[in-house]
Each structure stands twice: as C-alpha cells, then as structure tokens.
Amino acid sequence: MGIIGFLKNKGSKGSKVKEIMADVSAKQLPRHVAIIMDGNGRWAQKRRLPRIAGHRQGVEALREIIKITSELDIRYLTLYAFSTENWRRPRDEVNALMSLLVEYLQKEVDELDRNGVRINMLGDIEGLPDEVSAEILSAVNKTKHNDKLQVNIALNYGSRAEILNAVKSIVRDAVEGTIDINNMDDTLFARYLYTREIPDPDLLIRTSGEFRLSNFLLYQMAYTELIFTDKDIYWPDFDRYTYLKTIQEYQNRRRRYGGIDAGEGET
Ligand code: FPP
C-alpha cells in the first residue's frame, strides 16, 4: 500500500463490527487520529436538503466517532471544524456552523466531562464571535482535568498562519534573549505551535474522496499515515464500521519514518 490509502464503501456491516472491533483492539492503535470531516454539504445536496442539515448530521457522526475513539483508548482526536478559509462561505452558512458548535458544546459538555473527555481548541480564538469563544473557553476550562481522551477542535485554524505565528514568536524571543536560536530544533519549534504538548497525528482521515490537506496540521503531519475514503462516503456516513475499517487499514501500514524496516537491507 502506498502513502495514500483509499477506503471503499463495501461489505456488509452489522455482523462484522464486533469482529473488526476485536481485531483492531488486539493490535497497535494510533495514539492520535486527525479527521477532515468533509462532504456535509454534498450529503445534504444528495437529499435535497439545505447544507446546514448536512452539518447537523455531521455532528451526529461526530458523536459516535468520539464514543468509539474513547472505547478504543485512543488518546487524542483532532477535528477540523472550521478553517481560516471557511469565512469565505455564505454568511448564513458561517453563522449556522457557529451556532451549531455552540449548541453542541452546550448540550454535550457535561456528558463529555463525565466520560473523561478533555476539550481543547486549536486556532485563533480571538477571531471568533464572542459567544463562540466564551463557550469554547468554558468547555476547555470545565474539562481541563480529564485525561481519558483529548478532543482538539480546530476552529478558525490555518496551518500556514500557525507556522508564521510560531516563527514571529521565535524571532521575538530570540531578540529578547529568552531563547538561543542555535538551540532551536524541531522539539523546541513544536512548542510554539497550537499543538504544543500534543503528539503528532499517527493517522489522518479525510472523507468524501478529496485528496488534499487543506492547510491542516502541515508541520505536524510530516510522517502521518493518510487515509482518504471513497467519494461516496460523506462525513455524515462515516459510521462505526467505516471508522474501524480505516483503523484496520492503518494497522496494515508499515511506518518507517524515512528509515527501513528491521531486517531490510541485510545482505
Ligand atoms: C466540510 O463539509 C465540513 C465543515 C466545513 C464543517 C464541519 C463541521 C461539523 C461536522 C459540525 C460542527 C463541528 C463540531 C466540532 C461540533 P463541506 O461543507 O465542505 O461539504 P462539501 O464539500 O460537500 O460542500
């Protein structure tokens, strides 16, 4: 299998879920899964529904994915909820997405908290409407002591802006003398990113058959395994079965980080 996996929607699901769950749980799991939840609009369009109905259904899918991630003891889940480029969408859709996020946090934070989920935000919080940033800060604060699963919501997030901001802060610190630029390495650099203290994603999933990273975690995903689903699996269709199949595909990959497998190269 090459660097890019392609997950097709086939096979009967129901009876296989238990079997796949057992298989997946017995093998090495990713520590950090990142997801580009793409295709909500197309899911709705296919049903002649307004786009926001797709986003609403997307939240339902998300609920289930958080649950399974926790059941599998995966430690970090990062979700691309709204990019710095998403402001270009029609104002109604942007407003509806922001309201959906607030509604989700208001409704779910207590249960997430009870289940040991820690909410964290990646992105420029100052560029968000006050009601949204207040709700996020409250959820982050309420769940900050949890350690079963950390859910990072990338919101008003753009990877290039994140990297540029890191560079600006590093230059500032170097000029002020709080860091020595000669000691700068990738570990120190990573501390200037939104993802400080979060390990790099092991697996990236993007639904709906688009093969792009769309300005998401570009620095952090240098060695991440990429899996793109078939184009008829929109985010609201991404269910337990499909998630488990994706993890199964990840477990069949051989991660080499630029090196070679043990045993390879021996003559
Ligand atoms: C991409 O589908 C999806 C988004 C831009 C938003 C994702 C948001 C949610 C699932 C809901 C809110 C999030 C949280 C964390 C509660 P698209 O609109 O680009 O679909 P299309 O490509 O078919 O148009």
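Which polar backbone atom lies 3.2 Å from an oxygen atom of the ligand? The polar backbone atom belongs to asparagine 40, and the legends below place this contact in its setting. The model is predicted.

**View 1. Polar contacts of the ligand oxygen atoms with the protein.** A polar backbone atom of asparagine 40 is 3.2 Å from a ligand oxygen atom. At glycine 41, a polar backbone atom lies 3.0 Å from an oxygen atom of the ligand. In arginine 51 the side chain takes part: one of its N or O atoms is 2.8 Å from a ligand oxygen atom. The ligand taken alone exposes 630 Å², and the protein buries 91% of that area.

**View 2. The shell of residues around the ligand.** The ligand is surrounded by 16 residues. The closest are Met37, Gly41, Arg42, Arg51 and Arg89. By class, the shell comprises 7 nonpolar, 5 polar and 4 charged residues.

**View 3. Helices that contribute to the ligand shell.** At least two shell residues come from each of helix H2 (40-46), helix H3 (51-71) and helix H4 (91-114). The most is given by H3, with 4 residues.

**View 4. The largest pocket, in which the ligand sits.** The volume of the largest pocket is about 780 Å³. Its lining consists of 37 residues. Nearest the centre of the pocket lie Met37, Asn40, Tyr80, Ala81 and Asn86. The lining divides into 19 nonpolar, 10 polar and 8 charged residues.

**View 5. Helices and strands in the lining of the largest pocket.** H2, H3 and H4 each supply at least two residues of the lining. Strand E3 (76-83) and strand E5 (149-157) likewise supply at least two residues each. H3 gives the most to the lining of the largest pocket, with 6 residues, and H3 also gives the most to the shell around the ligand.

Notes:
Residues numbered from 1 in each chain as written. Predicted model: local features only at pLDDT ≥ 70, side-chain atom pairs only at ≥ 80, totals over all residues. Heavy atoms only, no water. Near = heavy atom within 4 Å. Polar contact = N/O pair within 3.5 Å; in protein donor to acceptor, adjacent residues only side chain to side chain. Areas by Shrake-Rupley, 256 points an atom, 1.4 Å probe, with all protein chains shown as cover. 1 Å grid on protein atoms, 1.4 Å probe; cavity = no way out; pocket = protein on both sides within 12 Å on 5 of 7 lines; lining within 4 Å. Sits in = over half its atoms within 2 Å of the grid points. Nonpolar A, V, L, I, M, F, W, Y, C, P; charged D, E, K, R; others polar. Points joined across faces, edges and corners; volume = space filled by probe spheres on them.
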